[in-house]
Amino acid sequence: MQLLKELFRAQEDGFHFQAFSWLHIVLILMMFLGARWIYRNRQAIRTNKTLDARIRGVLIAMILFHQVTFLYFSFFIRTDGLASGLPLYTCRMALWTALLALISKKEAFKGITIYWGLIGGILPMILPDLMAYSWPHITNFNYFLTHFSIFWASVYFLGVDQYQFNQHDLNFSLAFVNLFLILCLFANKFFDTNYAYLSASPILTGSLESMPRIFYHALIFLAYNLFIVLVHWIFLNKEELAVKWSQWKEKKAA
């Protein structure tokens with residue numbers, strides 16, 4: 001009982017997570033090693049229905065655990081659930097698209113998860129932006145669980161399900177992200193919050209805070225769209241890029 005009170009305490013204590021501390025590095029390694037295991041064993045998972053069901057079950061359980069504990073904390077422990085607990089960050093939304101994809105196996109949901117989950121899994125792990133609670137706290141745990149879940153689900157869809165990139169899903173994802181960002185703009189104005197980082201950037205704060213709001217919003221919209229296009233382009237040209245990478249390594253070795 002005392003541990004639960006500690007995990008779900010409401011009062012922030014000003015804790016700042018230290019980037020690239022030994023704990024941070026261990027967590028990054030855990031995420032990449034888990035993804036590596038899924039990808040290396042993709043053939044075995046694909047052909048073994050029991051193993052496949054277990055992997056899917058683990059991913060679904062991770063997402064459900066996150067959502068139950070996160071929403072409980074946001075809306076029943078804190079008093080600002082609407083301002084901080086809605087799924088209006090791309091990583092949070094990717095949890096929902098991953099869950100829908102794992103259950104329904106719909107390609108469009110897989111596509112959004114991959115487009116958002118690969119970049120959204122890596123960048124926040126490298127540049128952590130945790131709430132101001134010292135360890136242990138449910139928000140610390142759920143922050144990393146979010147990015148583990150969406151990154152592993154993306155690798156699963158790519159490796160095990162052999163997701164095929166196509167123009168239709170790219171267009172759907174671009175339309176989805178822009179509608180999502182417009183919704184975030186209204187939510188930020190209404191709740192005075194920072195969904196999708198459209199009110200303030202977690203990085204380069206000095207430079208970006210001085211920008212006129214319209215240019216800052218345009219920059220954020222552009223960044224989200226470019227990340228999706230970049231992921232699409234990389235996977236469409238992965239074989240050519242792999243050849244160029246091998247040639248570059250051979251020249252360097254020579």
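Tyr133 comes out fully tucked away, at 0% relative accessible area, so it counts as buried (under 20%, with exposed over 50% and partly exposed in between; 1.4 Å probe, protein chains only). The model is predicted, so local features need pLDDT of at least 70 and side-chain atom pairs pLDDT 80 or more, while totals for chains, interfaces and linings use all residues. Residues are numbered from 1 along each chain as its sequence is written, and side-chain values use heavy atoms, leaving out hydrogens and water.

Tyr133 pairs edge-to-face with Phe73, at 5.8 Å centre to centre and 80° between the planes (Phe, Tyr or six-membered Trp rings with centres within 6.5 Å; planes under 30 degrees apart are stacked, over 60 edge-to-face, the rest tilted). Phe73 belongs to helix 4 and Tyr133 to the loop between helix 7 and helix 8, so the pair ties together parts 60 residues apart in sequence (helices are DSSP runs of H or I, at least four residues, numbered from the N terminus). Phe73 is also buried, at 1%. Then there is Tyr89 with Tyr195: ring centres 5.6 Å apart and planes at 65° make this pair edge-to-face too. These two sit 106 residues apart in the chain.

As for cores (buried Ala, Val, Leu, Ile, Met, Phe, Trp, Tyr and Cys joined through side-chain atoms within 4.5 Å), the largest nonpolar one has 61 residues, with Trp116, Trp152 and Tyr156 making the most contacts inside it. Helix 8 gives the most to this core, 12 residues. Apart from it lies another core of five residues, including Phe8, Phe73, Tyr133 and Ile138.
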